[in-house]
Amino acid sequence: MDEARRAATHGDVPVGAVVARDADGAVLAARHNEREAVHDPTAHAEILALRDAAHAVGTWRLGGCVLVVTVEPCPMCAGAAVAARLDLVAFGTPDPKAGALGSLYQLGADPRLNHELVVVDGLRAHECATLLTEFFDARRG
């Protein structure tokens, strides 16, 4: 949640992501959306966190790791989670317009892909949804 709040301080949609080792919970990376800040359409919190975690462990293969994110990942981010061979993705609030781990698509459980991952939804869902609602209400207001 702290990472998501940081995104909003520079005009980005408040999404935060953390990659941690499953065995001991050690945080390998924590990032927030930076699309507006760095003018990069791929600068989603999940992508940035996965890049940092891969650098920290010295390999792109992140088996034994989990991704925790405030909002259901989009197709790009869900695809990156599958490509990184994560064990699990947990997210707060669903994204009915772009969610790719349950809402619109099931990329984490598609047997046609080279890897499947466990998906846990609803993690602090109300708090995550409220953060988004307040952000967009302020932008419209």
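Buried means under 20% relative accessible area, exposed over 50%, and partly exposed in between. The legends below use these words for a predicted model.

**Figure 1. Overall view of the predicted protein chain.** Five helices and five strands make up the protein chain. Their order along the sequence is α-β-β-α-α-β-α-β-β-α. The radius of gyration is 14 Å, close to the 14 Å that the globule rule gives for 141 residues, so the protein chain is as compact as a globular protein of that length. About 45 × 30 × 25 Å is spanned by the C-alpha trace along its principal axes. Among the contacts with a separation of 6 or more, 56% are between residues 24 or more positions apart.

**Figure 2. Surface and charges of the protein chain.** Of the 141 residues, 43% count as buried. The protein chain exposes about 7300 Å², and carbon and sulfur atoms supply 55% of this area. There are 13 positive and 19 negative charges, and the mean positions of the two sets lie 3 Å apart.

**Figure 3. Helix 1 and its buried face.** Helix 1 covers residues 2-9, and its residues E3, A4 and A7 are buried. Seen down the helix axis, the buried residues of helix 1 fall within an arc of 105 degrees, so they line one face of the helix. The exposed residues D2 and T9 are carried by the face turned away from that buried side. Packing partners of the buried residues are strand 1 (16-21), strand 2 (27-32), strand 3 (65-71) and helix 5 (125-140). After helix 1 comes G11, with a positive phi near 85 degrees.

**Figure 4. E36 in helix 2.** E36 is found in helix 2, which runs over residues 35-38. The relative accessible area of E36 is 44%. Buried would require a value under 20% and exposed a value over 50%, so E36 is partly exposed. Leaving aside residues up to four places away in sequence, E36 touches H10, G11 and D12. One of these, G11, is the residue with positive phi that follows helix 1. The C-alpha atoms of E36 and A7 are 9.1 Å apart, with the two positions 29 residues apart in sequence numbering. A7 is one of the buried residues of helix 1.

**Figure 5. A90 in strand 4.** Strand 4 covers residues 88-93 and includes A90. A90 has a relative accessible area of 7% and is buried, given that the cut-off for buried is under 20%. Not counting residues up to four places away in sequence, A90 touches L67, V68, V69, V120 and L123. P73 is 17 residues from A90 along the chain, and the C-alpha atoms of the two are separated by 9.6 Å.

**Figure 6. Two loop arginines with positive phi, R85 and R124.** R85 is in the loop between helix 4 (75-83) and strand 4. Its phi is near 65 degrees, a positive value in a residue other than glycine. R85 counts as partly exposed, at 26% relative accessibility. R124 is placed in the loop between strand 5 (118-120) and helix 5. The phi of R124 is also positive, about 55 degrees, although R124 is not a glycine.

Methods: Residues are numbered from 1 along each chain as its sequence is written. This is a predicted model: local features need pLDDT of at least 70, side-chain atom pairs count only at pLDDT 80 or more; totals for chains, interfaces and linings use all residues. Side-chain values use heavy atoms; hydrogens and water are left out. Helices (H or I, at least four residues) and strands (E, at least two) are DSSP runs, numbered from the N terminus. The radius of gyration is taken over C-alpha atoms; the globule rule is 2.2 Å times the number of residues to the power 0.38. Buried means under 20% relative accessible area, exposed over 50%, partly exposed in between (1.4 Å probe, protein chains only). Contact means heavy atoms within 4.5 Å. Accessible areas come from the Shrake-Rupley method with a 1.4 Å probe; for residues, only the protein chains shown count as cover. Lys and Arg count as positive and Asp and Glu as negative; His and the chain ends are not counted. The place of a charge is taken as NZ of Lys, CZ of Arg, CG of Asp or CD of Glu. The arc is that of the directions from the helix axis to the C-beta atoms.
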